[in-house]
Amino acid sequence: MAEKSLLQNKDWCKGCGVCVGFCPKQVLVIENEKCVIAYPEKCIFCGQCELRCPDNAIYIVGGTKDE
Amino acid sequence: MTNTNCNEMTQKYYRVDRMPHIWCPGCGHGTLMNTVVRAIDKVGLNKDDVVVVSGIGCSSRAPGYMDFNTLHTTHGRALAFATGIKMANPKLHVIVIMGDGDSSAIGGNHLIHAARRNIDITTIVFNNNIYGMTGGQFSPTTPYGDFATTAPFGNIDKAFDLCSLAQGAGATYVGRGTAYHAPLMQKLIEKGLENKGFSFIEGLSLCPTYYGRKNKKGNAFKMHSYFKDNCVDIKVVEKNPEKGENKILIGEFYNSPKTEYTEGYQVIIDKFQK
Ligand SMILES: Cc1ncc(C[n+]2csc(CCOP(=O)(O)OP(=O)(O)O)c2C)c(N)n1
Ligand code: SF4
Ligand code: SF4
Ligand code: SF4
Ligand SMILES: [Mg+2]
C-alpha cells in the first residue's frame with residue numbers, strides 16, 4: 001500500500017477557509033489568503049477538506065481506493 | 001499549460017486548463033459541481049454520451065469547466081435546448097444545470113412543461129436564493145423578509161418551494177440536498193440519472209458574496225454550518241414530525257416512474273414506419 005499524502009494546488013486555492021473550518025484535526029491554516037498545510041503530521045486523511053473544497057485545490061493521494 | 005496538480009476525478013472530468021473557475025472564494029457552486037461529476041462517475045456513464053446544458057448565471061458557468069459535451073445557452077432556456085437535444089438523440093444522457101433565477105423566474109415555464117412531459121432530463125438547480133451573477137437581486141427563492149439589492153427593506157414576495165413545484169408539475173424523481181450535504185446530493189443525482197424520466201434535484205448552494213453579505217450569514221464555513229444545523233432528512237420527519245419544525249427538508253421526496261416522453265414519441269414514429 002502506497003503511503004497517503006495530502007497535496008494542494010495553490011494556484012487554484014482562493015483562501016475561502018472552508019477546508020480549515022471542516023478539518024477535525026486543525027491541520028490547515030490560512031496565510032496570505034491561501035490555505036497552508038501547517039501540521040501535516042496531524043492529518044488523519046479523513047477527506048473532509050477534499051470533499052468540501054469548492055476549488056478542487058486540496059486532495060489526498062496514495063492508499064487503496066476503498067480505504 | 002495543463003495543470004495536473006489535482007485529484008484523479010478532476011483530471012478525468014474537468015477542463016483543467018480553464019481552472020481555477022471564476023466563482024468567488026467559498027461559492028457553493030464549486031462543491032455542488034463536484035457532486036454532479038462524482039455522480040456521473042459512480043453511475044458509470046460514458047463521457048461522450050453525456051450532454052450538460054446550462055442557461056445564464058454563475059451556476060450556469062459550470063458546464064464550461066466540465067469535460068463532456070456541453071452547451072451554455074440563454075437565460076432561462078436551458079431546458080428548451082435540452083429538450084431539443086433529447087428529442088433528436090434519445091440515447092444521450094442529458095443533464096441540465098440551472099440557477100434559481102434561471103430555472104424558476106425567466107425559465108419557470110420551461111421547467112413546469114419539461115416536468116409535465118416527463119422527458120428524460122436530469123435537472124439540477126444550484127439554489128443560492130439570489131441572482132448571483134447580476135449583483136444580488138432577489139429571486140423567486142429568496143425567503144420572505146430577507147434582503148437583496150432590490151429588496152433593501154426586506155423581500156415581500158413569498159418563496160417558491162422548487163421541489164414541490166417540480167413534483168406538482170409532473171417530475172417523476174424529486175429530491176433536495178445542499179452543498180454541505182454533498183454525499184446525499186451525489187446520491188440523489190445518481191438516482192436522478194438512473195430514473196428514465198424528468199428528475200429534479202435541488203442543491204441548496206451558498207453565495208457568500210451577495211446573499212450571505214446582504215443577510216449577515218457570515219463566511220462560507222458559517223453558511224455550510226447553517227445547512228448542517230438546519231436541515232433534516234424527510235425520512236426522519238416521517239417518523240418524528242416534530243423534528244421537522246422550522247427546518248429545511250432534504251432527501252428523496254418523490255420517486256414514481258411513468259411513461260417517458262421520447263418513448264411515447266417513438267411509439268408514434270413506429271406507427272408510421274410499419
Ligand atoms: C434574457 C436575459 N435577461 C436577464 C439577463 C441577466 N441575468 C443574467 S444571470 C441572471 C440571474 C442569475 O441568477 P441565478 O439564475 O439564480 O444564477 P446564479 O448567478 O445565482 O447562480 C440574470 C437576471 C440575461 N442574461 N438574459
Ligand atoms: S477550501 Fe479549497 S479553496 Fe478554500 S481555502 Fe481550502 S483549499 Fe483553498
Ligand atoms: S484529510 Fe481530514 S485531517 Fe487531513 S487535512 Fe483534510 S480535513 Fe484535515
Ligand atoms: S456572486 Fe455568489 S453565486 Fe456568483 S460566484 Fe460569487 S459567490 Fe458564487
Ligand atoms: Mg441564484
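Pro20(B) sits in the loop between α1 (8–13) and α2 (28–43) of chain B. The peptide bond leading into this proline from Met19(B) is cis, with omega near 10 degrees. Keep in mind as you explore that this is a predicted model. Below is a short tour of the backbone, the contact between chains A and B, two ligand sites and the salt bridges.

**Another backbone detail**

- Over in chain A, have a look at Gln26(A), which has a positive phi of about 50 degrees although it is not a glycine.
- You will find Gln26(A) in the loop between α1 and β2 (28–31) of chain A.

**Where chain A meets chain B**

- Chain A brings 18 residues to the contact, and chain B brings 30 residues.
- About 2000 Å² of area is buried between chain A and chain B, with carbon and sulfur atoms giving 54% of that area.
- On the chain A side, the residues that lose the most area to chain B are Trp12(A), Lys14(A) and Asn56(A), which together make up 32% of what that side buries.
- Two elements of chain A, α1 (18–22) and α2 (48–52), each give two or more residues to the side that touches chain B.
- Sorted by class, the chain A residues on that side are eight nonpolar, four polar and six charged.
- Between chain A and chain B there are zero salt bridges.
- Polar contacts do cross the interface, though: 14 residue pairs are found, with both residues at pLDDT 80 or more.

**The surroundings of ligand 4**

- Several cysteines of chain B are found around ligand 4, namely Cys24(B), Cys27(B), Cys58(B) and Cys207(B).
- Other residues around ligand 4 include Trp23(B), His29(B), Asn128(B) and Tyr210(B).
- Helix α8 (residues 208–214) of chain B supplies the largest share of this shell, three residues.
- The shell is made up of seven nonpolar and four polar residues, with no charged residues.

**The magnesium ion (ligand 5)**

- Three residues coordinate the magnesium ion at 2.1 Å: Asp100(B) through OD, Asn128(B) through OD1 and Ile130(B) through O.
- Along the chain, these donors follow the spacing D-x27-N-x1-I.
- Asp100(B) and Asn128(B) link distant parts of the chain, being 28 residues apart.
- Asp100(B) belongs to helix α4 (residues 100–106) of chain B, whereas Asn128(B) lies in the loop between β4 (121–127) and α6 (162–169) of chain B.
- Asn128(B) is a name to remember, as it also appears among the residues around ligand 4.

**Salt bridges**

- Side chains of opposite charge can pair when their charged atoms come close.
- Over all chains, the count comes to ten salt bridges.
- One example is Lys86(B) with Asp120(B), whose closest N and O atoms are 3.3 Å apart.
- This pair also joins distant parts of the chain, 34 residues apart: Lys86(B) is in helix α3 (residues 78–88) of chain B, and Asp120(B) is in the loop between α5 (108–117) and β4 of chain B.

Definitions and conventions
Residues numbered from 1 in each chain as written. Chains lettered and ligands numbered in written order. Predicted model: local features only at pLDDT ≥ 70, side-chain atom pairs only at ≥ 80, totals over all residues. Heavy atoms only, no water. Contact = heavy atoms within 4.5 Å. Buried area = accessible area lost by both parts, 1.4 Å probe. Salt bridge = Lys/Arg side-chain N within 4 Å of Asp/Glu carboxyl O. Polar contact = N/O pair within 3.5 Å; in protein donor to acceptor, adjacent residues only side chain to side chain. Helix = DSSP H or I, 4+ residues; strand = E, 2+ residues; numbered from the N terminus. Nonpolar A, V, L, I, M, F, W, Y, C, P; charged D, E, K, R; others polar. Near = heavy atom within 4 Å. Donors = N, O, S within 2.8 Å, 3.2 Å for Na, K, Ca; no water.
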